[in-house]
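Work through these exercises with the model open beside you. Try each task before you read its solution.

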Amino acid sequence: MNFNTDRAVVLVVDDVPENLAVLHDALDESGYTVLVANNGATALQRAAEAQPDVILLDAVMPGMDGFETCRHLKASLATRHIPVVFMTGLTEAEHVVAAFAAGGNDYVSKPVRTSEVLARIAAHMQTARLMDQARSALDAFGNAVIAMTPGDGKIVWQTPLARTLMQGYAVDTELTAWLAATQLAHSQGQSHPPLTLQRASRRLIFSAAEFSENEQWMIVLREESDSAQIEKLMASFKLTQRESEVLNWVIKGKTNRDIGDILGTSPRTVNKHLEHVFVKLGVETRTSAAAVAMGKLRVRTTADASPVESPAGAPPR
């Protein structure tokens, strides 16, 4: 969060004090709140804590240079959304390419011209403001959405709810691999199953909602929990705790023997519970029971990450 909500925050990263002073004065006079860092490690810390609106980053610094600093910024869920403008005297094509490859959004050449820097910042601020409005609108309706570029698997932006849901899950490697497999299947006119990540009794599920060959892909997230689904089944159909547990495993396609092993009871007892479930749901088969239950559970995830949507696909009879 910005320290001053009336002034946009710019983090300037440069190991030369004179450069920091010039940029600080120019930005301050233009109405920005200015934070400074003289090395990569400090920049990472201040970016995570202050959440600046834009980062001006020197490419060449001792120790951790600007390229490595930018890669760290873009690798973190907390800072990858912040636009990074490189400041570099390395204007050869390979260095410009390296800046963008590291995750940079733009660059200005050294010695910097303050008018150019201010213009670039204003442009990125406008783009970021529009993206924030879109993210806020999605988040206000309980949407957990991220946008990714299919070529490199980078998360371009995410709603606050998506960022919250992804905390605690190791998403980077598995998400990139899933995106590549989904892209391949899509290019062949085929579908690819959603990605499911497990954490204790909770599951985070990623589903591709919108495809584009060269632009951003929209990925919708939802979190599920066995305990929340069981409670919802109990409330929706007036089931007992054990009947809800049995139905929950039926939804997942488990046989009576499997369910008995999981719940520590006999298949015969499981079947008795199922008979009661069938009566309360007004159905006659396992498939029908699963379909009715899944229809009740298929509700959008709420902001407190309560899991409410069931896995896709009907289990076998």
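Helices here are DSSP runs of at least four residues, numbered from the N terminus. Keep in mind that this is a predicted model.

**Exercise 1. The whole chain**

Task: Find how many helices and strands the chain has, and what share of its residues is buried.

Solution:
- Start with the secondary structure. The chain has twelve helices and ten strands.
- Turn to burial. Of the 317 residues, 43% are buried.
- Finish with the contacts. Take those with a separation of 6 or more; residues 24 or more positions apart account for 56% of them.

**Exercise 2. An annotated residue**

Task: Locate Asp 58 and decide whether Asp 58 is buried or exposed.

Solution:
- Check the record first. An unreviewed UniProt entry annotates Asp 58 as "modified residue: 4-aspartylphosphate".
- Place the residue. Asp 58 belongs to strand E3, which spans residues 54-58.
- Now judge burial. Buried means under 20% relative accessible area. Asp 58 has 4% relative accessibility, so Asp 58 counts as buried.
- List the neighbours. Leave out residues up to four places away in sequence. Asp 58 then touches Val 13, Asp 14, Asp 15, Gly 66, Met 87 and Lys 110.

**Exercise 3. Leu 44 and its helix**

Task: Classify Leu 44 by accessibility, then work out how H2 lies against H3.

Solution:
- Place the residue. Leu 44 sits in helix H2, residues 40-50.
- Classify Leu 44. Its relative accessibility is 21%, so Leu 44 counts as partly exposed.
- Look for contacts beyond four places in sequence. Leu 44 touches Met 64, Thr 69, His 72 and Leu 73.
- Compare sequence with space. Leu 44 and Val 13 are 31 residues apart in sequence, and their C-alpha atoms are 9.9 Å apart.
- Next, take the helix pair. The axes of H2 and helix H3 (residues 66-75) come within 9 Å and cross at roughly 25°. Angles under 35 degrees count as roughly parallel. H2 is therefore roughly parallel to H3.
- Add the handedness. H2 passes H3 in a right-handed crossing.
- Name the residues that meet. H2 supplies Gly 40, Ala 43, Leu 44 and Ala 47, and H3 supplies Thr 69, His 72 and Leu 73.
- Sort them by class. This contact of H2 with H3 has four nonpolar, three polar and no charged residues.

**Exercise 4. Helix H9 and its partner**

Task: Work out how H9 lies against H10, and say which residues meet.

Solution:
- Read the geometry. Helix H9 covers residues 241-251 and helix H10 covers residues 256-263; their axes come within 10 Å and cross at roughly 130°.
- Name the arrangement. That angle makes H9 oblique to H10.
- Add the handedness. The crossing of H9 with H10 is right-handed.
- Find the contact. Arg 242, Glu 245, Val 246, Trp 249 and Val 250 of H9 meet Ile 259, Ile 262 and Leu 263 of H10.
- Sort by class. The contact of H9 with H10 holds six nonpolar, no polar and two charged residues.

**Exercise 5. Glu 243**

Task: Decide whether Glu 243 is buried or exposed, and list what Glu 243 touches.

Solution:
- Place the residue. Glu 243 is part of helix H9.
- Apply the cut-off. The relative accessible area of Glu 243 is 5%, so Glu 243 is buried.
- List the neighbours, again skipping residues up to four places away in sequence. Glu 243 touches His 273, His 276, Val 277 and Lys 280.

Key: Residues are numbered from 1 along each chain as its sequence is written. This is a predicted model: local features need pLDDT of at least 70, side-chain atom pairs count only at pLDDT 80 or more; totals for chains, interfaces and linings use all residues. Side-chain values use heavy atoms; hydrogens and water are left out. Axes are lines fitted to C-alpha atoms, for helices over the stretch in contact, and angles run from 0 to 180 degrees between N-to-C directions. Helices (H or I, at least four residues) and strands (E, at least two) are DSSP runs, numbered from the N terminus. Angles under 35 degrees count as roughly parallel, over 145 as roughly antiparallel, 65 to 115 as roughly perpendicular and the rest as oblique. A crossing is left-handed if the near helix is turned anticlockwise from the far one by less than a right angle, and right-handed if clockwise. Contact means heavy atoms within 4.5 Å. Ala, Val, Leu, Ile, Met, Phe, Trp, Tyr, Cys and Pro count as nonpolar, Asp, Glu, Lys and Arg as charged, and the others, Gly among them, as polar. UniProt positions are given in the numbering used here, feature names are shortened, and annotations may be inferred rather than shown by experiment. Buried means under 20% relative accessible area, exposed over 50%, partly exposed in between (1.4 Å probe, protein chains only).
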